[in-house]
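Colleague: I am new to this structure and would like to go through it with you step by step. Could you show it to me before we begin?

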Amino acid sequence: SLPTAFIDVAADAYYYQPVLWALEKKVTNGTSEITFSPDDTCNTAQILTFLWRAAGSPVVPEKDVFKYADVKGTDYFYMAAQWAKTKEMVEHYALYPNYSCNRMMSVYYIWCAAGKPACSASLKFTDLNKPEHENYKEAIAWAVEQGITNGTSDTTFSPGSTCTRGQIVTFLWRAAQKGLI
């Protein structure tokens with residue numbers, strides 16, 4: 001069961017079991033001794049760190065270490081950032097660790113961690129029609145097909161909506177339950 005000190009995670013919350021899993025697997029901790037902060041926005045550094053830990057915190061060989069403009073060797077997410085680069089989650093020279101992570105990027109990161117599996121499912125979402133969505137459609141279709149997430153309605157995915165800590169641990173828990181990460 002959940003630490004009794006977490007006053008912000010109700011037993012009937014959709015993220016209750018995912019939070020238990022995240023704590024047990026050491027994917028993340030609370031934000032304090034008494035809070036998990038499930039409604040706090042999750043940033044890029046956090047989701048990549050959670051995902052890296054869920055994958056077993058793999059060590060990146062020194063020869064594969066990548067120099068980011070905005071990542072220092074002392075950052076808590078340093079190894080997660082290195083791993084993300086080896087998994088082709090990040091393709092540029094900056095990580096933007098403090099940027100809020102949105103739904104589109106969240107499922108993209110999980111899809112990359114799973115090895116970018118092919119997916120031929122069609123998308124029913126009408127809000128994925130911008131050119132910047134093209135490179136993410138297969139990841140979104142896969143995440144929906146695998147039950148990692150659904151749309152925010154029958155016809156919308158809300159790709160730019162920011163994700164909370166509760167949502168991210170739920171996505172990761174669902175992926176882990178299926179052995180995808």
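Modeller: Please keep in mind that this is a predicted model. A good place to start is helix H1, where the cover over the buried residues includes H2 and H6.

Colleague: How many of the nine residues of H1 are buried?

Modeller: A residue counts as buried when its relative accessible area is under 20%, and by that cut-off Tyr-16, Pro-18, Val-19 and Leu-20 qualify in H1, as do Trp-21, Ala-22 and Leu-23. Helix H1 is thus mostly covered, and the number of its residues that are buried is seven.

Colleague: Which residue just after H1 takes a positive phi?

Modeller: The place to look is the stretch that directly follows the helix, where one residue has a phi of about 60°. That residue, just after H1, is Lys-26.

Colleague: Which helix supplies the largest share of the largest nonpolar core?

Modeller: The largest nonpolar core has 61 residues, and Met-89 and Tyr-109 are those with the most contacts inside it. At least two residues of this core come from each of H1 (16-24), H2 (44-54), H3 (78-86), H4 (103-113), H5 (137-145) and H6 (165-177). The largest share amounts to nine residues, and the helix that supplies it is H4.

Colleague: Leaving aside neighbours within four places in sequence, which residues is Met-89 in contact with?

Modeller: In soluble globular proteins, nonpolar side chains tend to be buried together. Once its neighbours within four places in sequence are left aside, the contacts of Met-89 are Leu-48, Leu-51, Trp-83, Ala-84, Tyr-108, Tyr-109, Cys-112 and Ala-113.

Colleague: Are H2 and H6 roughly parallel or roughly antiparallel?

Modeller: Their axes lie 11 Å apart, and the two helices pack at an angle of about 30°. Angles under 35 degrees count as roughly parallel, so the arrangement of H2 relative to H6 is roughly parallel.

Colleague: Is the crossing of H2 and H6 left-handed or right-handed, and how do the residues of their contact divide?

Modeller: The crossing of these two helices is right-handed. On the H2 side Ile-47, Phe-50 and Leu-51 take part, and they meet Arg-165, Ile-168, Val-169 and Leu-172 in H6. By class, the residues of the contact of H2 with H6 are six nonpolar, no polar and one charged.

Colleague: How are H2 and H3 arranged, roughly parallel or roughly perpendicular?

Modeller: Helices H2 and H3 have axes 8 Å apart and pack at an angle of about 80°. Angles of 65 to 115 degrees count as roughly perpendicular, and therefore H2 and H3 are, with respect to each other, roughly perpendicular.

Colleague: Which residues in H3 are met by residues in H2?

Modeller: The residues that H2 brings to this contact are Leu-48, Thr-49, Leu-51 and Trp-52. The contact of H2 with H3 has seven nonpolar, one polar and no charged residues. In H3, the residues met are Met-79, Ala-80, Trp-83 and Ala-84.

Colleague: Does Thr-44 count as buried or exposed?

Modeller: Thr-44 is found in helix H2, and beyond residues up to four places away in sequence it touches Leu-95, Tyr-96, Pro-97, Tyr-99, Cys-101 and Tyr-109. Because its relative accessibility is 6%, Thr-44 counts as buried.

Colleague: What is the separation between the C-alpha atoms of Thr-152 and Pro-61?

Modeller: Thr-152 lies in the loop between H5 and H6, and at 45% relative accessibility this residue counts as partly exposed. Not counting residues up to four places away in sequence, Thr-152 touches Arg-103, Phe-157 and Ser-158. Thr-152 and Pro-61 are 91 residues apart along the chain, and their C-alpha atoms are separated by 39 Å.

Definitions and conventions: Residues are numbered from 1 along each chain as its sequence is written. This is a predicted model: local features need pLDDT of at least 70, side-chain atom pairs count only at pLDDT 80 or more; totals for chains, interfaces and linings use all residues. Side-chain values use heavy atoms; hydrogens and water are left out. A nonpolar core is a set of buried Ala, Val, Leu, Ile, Met, Phe, Trp, Tyr and Cys residues joined through side-chain atoms within 4.5 Å. Buried means under 20% relative accessible area, exposed over 50%, partly exposed in between (1.4 Å probe, protein chains only). Helices (H or I, at least four residues) and strands (E, at least two) are DSSP runs, numbered from the N terminus. Contact means heavy atoms within 4.5 Å. Axes are lines fitted to C-alpha atoms, for helices over the stretch in contact, and angles run from 0 to 180 degrees between N-to-C directions. Angles under 35 degrees count as roughly parallel, over 145 as roughly antiparallel, 65 to 115 as roughly perpendicular and the rest as oblique. A crossing is left-handed if the near helix is turned anticlockwise from the far one by less than a right angle, and right-handed if clockwise. Ala, Val, Leu, Ile, Met, Phe, Trp, Tyr, Cys and Pro count as nonpolar, Asp, Glu, Lys and Arg as charged, and the others, Gly among them, as polar.
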